[in-house]
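I opened this model to look up its strand pairing, its helix packing and its pockets. My entries follow in the order in which I made them.

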Amino acid sequence: MPFVNVTIAGSGIGADRVGRLQSGVTALMADILGKNPDLTAVLVEEVPASGWQVGGRPVEVAAHVQAAITAGTNDAEEKARFIAEANALLHRVLGDGLPLATYVVVQEIAADAWGYDGLTQEHRRLTR
């Protein structure tokens, strides 16, 4: 039940590129981290480029990926691979104008601290 927030700065990236990011991130979550694609939520948010700086300098395009997963469900190698592949996806979709400081974060949340459909992940684990 991962939730992924992709924040993009730049001049209107368009529905096609938003869709490519959403489907690409969903596939990475399934293929690399073993997450159920039917329960993977991906939100792409656009912000004005004027609101984003790197190194105190304005950018023309920028991106940040924050993926929330249940703690302990993936090992370090899987998370590192996801980070590398998500970064590559951002470059394929948004171009090579992305700054070096383009972050992909995998945030692990305790199973008893989040869930969906009114049940925590811990409850789901205990009742399997």
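I began with Ala-68 and looked up its bridge partner in strand 6, which is Gln-107. The model is a predicted one, and I read each entry below with that in mind. For His-64 I found Tyr-103 as the bridge partner in strand 6. I then took the two strands as a whole: strand 5 (residues 62-70) and strand 6 run parallel and are joined by 7 bridges.

Next I turned to the pairing of strand 5 with strand 1. These two run antiparallel, and 7 bridges join them. As one position in this pairing I noted Val-4, which stands opposite Ala-67 in strand 5.

I then asked in which order the strands of the sheet lie. I wrote down 2-1-5-6, for an open sheet of 4 strands with mixed pairing. Strand 2 (41-47) and strand 6 (103-109) are at the edges; each has a single partner strand, so one side of each has no neighbour in the sheet. For the twist I noted an average turn of 15° between neighbouring strands, direction ignored.

How much of strand 5 is buried? I counted 7 of its 9 residues as buried, so by the cut-off of under 20% relative accessible area the strand is mostly covered.

The helices came next. Helix 1 (residues 14-31) lies across strand 1 (3-9), strand 2 and strand 5, and I noted about 145° for its run relative to strand 2. Helix 2 (residues 76-94) also packs on the sheet, where it touches strand 1, strand 5 and strand 6. Against the direction of strand 6, the direction of helix 2 makes about 140°.

My last entries concern the pockets. For the largest pocket I recorded a volume of about 340 Å³. It is lined by 17 residues, and those closest to its centre are Met-1, Thr-70, Thr-73, Gln-121 and Arg-128. I asked which elements give two or more residues to this lining, and found strand 5 and helix 3 (121-126). Helix 3 gives the most, with 3 residues. By residue class, I sorted the lining of the largest pocket into 8 nonpolar, 5 polar and 4 charged residues.

To close, I put the entries on strand 5 side by side. Strand 5 is bridged to strand 1 in antiparallel fashion and to strand 6 in parallel fashion. Both helix 1 and helix 2 are packed against strand 5, and strand 5 also gives residues to the lining of the largest pocket.

Conventions: Residues are numbered from 1 along each chain as its sequence is written. This is a predicted model: local features need pLDDT of at least 70, side-chain atom pairs count only at pLDDT 80 or more; totals for chains, interfaces and linings use all residues. Side-chain values use heavy atoms; hydrogens and water are left out. Two strands pair if DSSP finds at least two bridges between them. Axes are lines fitted to C-alpha atoms, for helices over the stretch in contact, and angles run from 0 to 180 degrees between N-to-C directions. Contact means heavy atoms within 4.5 Å. On a 1 Å grid over the protein atoms alone, a cavity is a set of points where a 1.4 Å probe fits but cannot get out, and a pocket is an open set with protein on both sides within 12 Å along at least five of seven lines; lining residues have an atom within 4 Å of a point. Grid points are joined across faces, edges and corners, and a volume is the space filled by probe spheres set on the points. Ala, Val, Leu, Ile, Met, Phe, Trp, Tyr, Cys and Pro count as nonpolar, Asp, Glu, Lys and Arg as charged, and the others, Gly among them, as polar. Buried means under 20% relative accessible area, exposed over 50%, partly exposed in between (1.4 Å probe, protein chains only).
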